[in-house]
Amino acid sequence: MIGEFEYLIISATARLGSEAYGAAIRREIEEATGQRCSIGALYTTLDRLQSKGFLQTWMGEPTAQRGGRAKRMVRITRKGAQAAGAFYLTVMYASRDVSWETR
Amino acid sequence: MKQRTTLLPAFDFLAERVSGLLDPSDREALCGDLAESGVAGIEALHDVLSLVIRRQIAILCNFRPWVVLAFLAIPIGVLLSVVSRQAADGSAIYLWLYTSNPNLSLVRMSGYWRGMAECLPVVLLPCLSLTCLSWTAGLLIGVYARQTRWLSGTGLIGVLFCAGILGLPHGFASILALGRARYYFGNAAVFTNAFYRAVYPQIIELLLSVLPFFYGLRQRIPVSSFPRSGRLVAFIAFGGSIGALICQSSASWVFHLWDHWPRYLPGLPPPITMASFGCTAYLYLAAKHSRKVIGCGRTAPSLIGEESDAIHQ
């Protein structure tokens, strides 16, 4: 089973679709969690997910906005979608009948 | 990162330099992400370091850099220290001779210049040989441990200086020519001077071993980007040079066999030729490769990056 950070990356990648790349995924995660996302953690987790076959990455075209640097584009695989789905179901199942409201 | 104006250029400069430890593709994506996010200064350095450290830890968990360190960098460091010491001690005698006897009347004598002409090859050829050998050592280690150059480089330089300053353990004297390296007999006047005994060898080591080694280690054009036949030629040439380094260290070529080898074994290439095999072959192949790449209408650095990516993928 994937971990929570891996799930966040796969979810962000799925949400961004064809616009998924390092900086955009990082922004999505920071917005979702409200915490700073380390770029080192992001890239090493991307590598790990790629080696597991959950994601595919390739170098995109350079853009002026990035100082002429290329993007590392990311795409989710069928296996990755299944793994993220399984994680989501597990969390949902584990959370059934549980209320997190505090008084 | 280069195109932004930042409040903390020193941190940006550091981040830029540290990112050089990453693969070209990682570096490209990371620097682009930082530029796009507008991250600069210490925050950019933190981001770059976080990735570099994780990448280096992952690489160090592999056995390869440790094998290269143990079986290539450290032994070559020991051998280079021996050759460096031989070159330093040999040239120190002549340097002392000419600097300690400054006399203008000598300059007018033809014998002075004849003596100078005889000693120059004895001083310069070993120095040139040492430079070539150190450069080739850097090239070779750069091939096998490109991603952990800092580890192998630090190991080799550490061994080089430790062996140079502290000397090698006694057991090595039976294997290497270290015992004969300090050429005190008959030259005590030279080596009683602390400069020639202790400082000059370190200067020679720094200038003719460390700098050429790091230059070779950088590999502006990676050997891995050469075609298969070029790589084969490069490895044969590197083997020739490293063979020369082993012979030079163990047989004390530079001063004892230098004159005798060509006389008694005219069929063999002279030692300096063998020592220069590695870097000559690299220079030739790199020039040929660059010409070919530029001839295709693309710049050399872009192809280097692409090919490095392909290799790492």
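How many salt bridges are there between chain A and chain B? The count is 9 in this predicted model, and the views below start from that contact.

**View 1. Where chain A and chain B meet.** Chain A puts 23 residues into the contact, and chain B puts in 22 residues. Together they bury about 1900 Å², with carbon and sulfur atoms giving 46% of that area.

**View 2. A salt bridge between Arg72(A) and Asp26(B).** Here the two side chains come together at 4.0 Å, N to O. Beyond salt bridges, there's also a tally of polar contacts: 14 residue pairs between chain A and chain B, counting pairs with both residues at pLDDT 80 or more.

**View 3. The side of chain A that touches chain B.** Three elements of chain A each chip in at least two residues: helix H2 (22-33), helix H3 (39-51) and strand S2 (69-76). H3(A) has the largest share, with 6 residues. Sort this side of chain A by class and you get 8 nonpolar, 7 polar and 8 charged residues.

**View 4. Glu6(A) in helix H1 of chain A.** Now for a glutamate within chain A, sitting in the helix that covers residues 4-16. Is Glu6(A) buried or exposed? Glu6(A) counts as buried because its relative accessible area is 5%, under the 20% cut-off. A polar atom of the Glu6(A) side chain lies 2.7 Å from the backbone nitrogen of Gly3(A). Setting aside neighbours within four places in sequence, Glu6(A) is in contact with Thr45(A), Arg48(A), Leu49(A) and Lys52(A).

Note on methods
Residues are numbered from 1 along each chain as its sequence is written. Chains are lettered from A and ligands numbered from 1 in the order in which they are written. This is a predicted model: local features need pLDDT of at least 70, side-chain atom pairs count only at pLDDT 80 or more; totals for chains, interfaces and linings use all residues. Side-chain values use heavy atoms; hydrogens and water are left out. Contact means heavy atoms within 4.5 Å. Buried area is the accessible area (1.4 Å probe) that two parts lose on being put together, summed over both. A polar contact is a pair of N or O atoms within 3.5 Å; within protein, one must be able to donate a hydrogen and the other to accept it, and residues adjacent in sequence count only if both atoms are side-chain atoms. Helices (H or I, at least four residues) and strands (E, at least two) are DSSP runs, numbered from the N terminus. Ala, Val, Leu, Ile, Met, Phe, Trp, Tyr, Cys and Pro count as nonpolar, Asp, Glu, Lys and Arg as charged, and the others, Gly among them, as polar. Buried means under 20% relative accessible area, exposed over 50%, partly exposed in between (1.4 Å probe, protein chains only).
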